[in-house]
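Visitor: Could you take me on a close look at one part of this structure? I'd like to start with the nonpolar core and see what sits around it.

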Amino acid sequence: MSTTYLDFEKPIAELDAKIAELEALSGQKGGPSIKDELNKLKAKSTKQLKDIYSDLSAWRKTQVARHPDRPHLSDYIATIFEDFEELAGDRLFGNDEAIIGGLARFKGRSVVIMGHEKGRTTEKRLKHNFGMAHPEGYRKAVRLMDMAEKFNLPVLSFPDTAGAYPGKGGEERGQAEAIARGTQRGLSLGVPFVTLIIGEGMSGGAIGIAAANKVLMMEHAIYSVISPEGCASILYRDPAKARDAAEAMKITAPDLLKTKVIDGVVKEPIGGAHRDPQRAMAAAAKALDAALKELEGMSPQELRRQRRDRFYAIGREIA
């Protein structure tokens, strides 16, 4: 599979192209032996990748979070969960494919999982509406949370959206109310609730399924009340200033950890989760398991109190 390079990865792309050219040359019958040269180029490419990703700006992290090859919810379901059984529909209007949810087994325990699915191919992206949920998606999430509490099952959610669907249909069917009820239901849950932001966690579209006891983020994910482009349009009257907005908004995992918006960061492989999805998802599974173990044994009242206290603490101890 060909690699999609971001604009700031141009030096790496050039090196990798040279490596591929030399590998093809050396693989030919009677071709020259260039093993040493190849090893030097590979080492140089790895070093450049490490140097670039060791100090990414907020805007570059935004680009990584949106990378088309980044693992999506469907990849996490297939990799770290067992016996997934999808549950569809909100029992009111219909089924929203932008939010997928259901029952699964995780590390020996039964859980309820839900999250945004963006889709990878053009056909899938259209089917899942690019991960932008309609009101029925958030009502489905509430239904899943109700079921989780009824059967005493932990909830795991995976926000990955540019925002809730902003179209006329969504407004007609009560988008804001649906998101508010999703947030309210998350806060009132009497079972452990852990969220992992796997890519974009933008706007109410993310918080509607992220009012959890523990909120984790992948290292190169982003999380904010609005997208950088939306912020730039409102504050600067110029969407081209999205880069400046991203820096000012503090949307990266390290910044959000400082303000207690999130509780932990899951480290990604060098070069981002899209370069080694299996390792990235294995690290995510380990972090989710640890978070659930911290919450096990807590009563419904204790879980609600802990959740309330964590949200009240956001931003209160900023240096």
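**A close look at the core**

Guide: Let's start from Leu196. Setting aside neighbours within four places in sequence, Leu196 is in contact with Tyr76, Ser157, Phe158, Pro159, Leu216, Met217, Met218, Val266, Ala284 and Leu288. Keep in mind that this is a predicted model. Leu196 belongs to the largest nonpolar core, a set of 61 residues. Along with Leu156, Phe158 and Tyr223, Leu196 is one of the residues with the most contacts inside that core. And who chips in the most? That's helix α13, residues 277–295, which gives 8 residues to this core. As a general picture, nonpolar side chains in soluble globular proteins tend to be buried together.

Now hop over to another core, which lies apart from the big one: this one has 12 residues, including Ile222, Ala232, Met249 and Ile251. Ala232 is a handy link to our next stop, helix α10 (residues 228–236), where Pro228, Gly230, Cys231 and Ala232 are buried. What covers those buried residues of α10? Part of the cover comes from α3 (58–65), β6 (200–202) and α11 (242–249). Step just past the end of α10 and you'll meet Arg237, with a positive phi of about 55°.

One last stop: His134, in the loop between α5 (122–127) and α6 (135–150). His134 counts as buried because its relative accessibility is 15%, and the cut-off for buried is under 20%. Leaving out neighbours within four places in sequence, His134 is in contact with Asp96, Asn129, Tyr165, Arg173 and Gln175.

Terms used:
Residues numbered from 1 in each chain as written. Predicted model: local features only at pLDDT ≥ 70, side-chain atom pairs only at ≥ 80, totals over all residues. Heavy atoms only, no water. Buried < 20%, exposed > 50% of the residue type's maximum accessible area, 1.4 Å probe, protein only. Helix = DSSP H or I, 4+ residues; strand = E, 2+ residues; numbered from the N terminus. Contact = heavy atoms within 4.5 Å. Core = buried A, V, L, I, M, F, W, Y, C linked by side-chain atoms within 4.5 Å.
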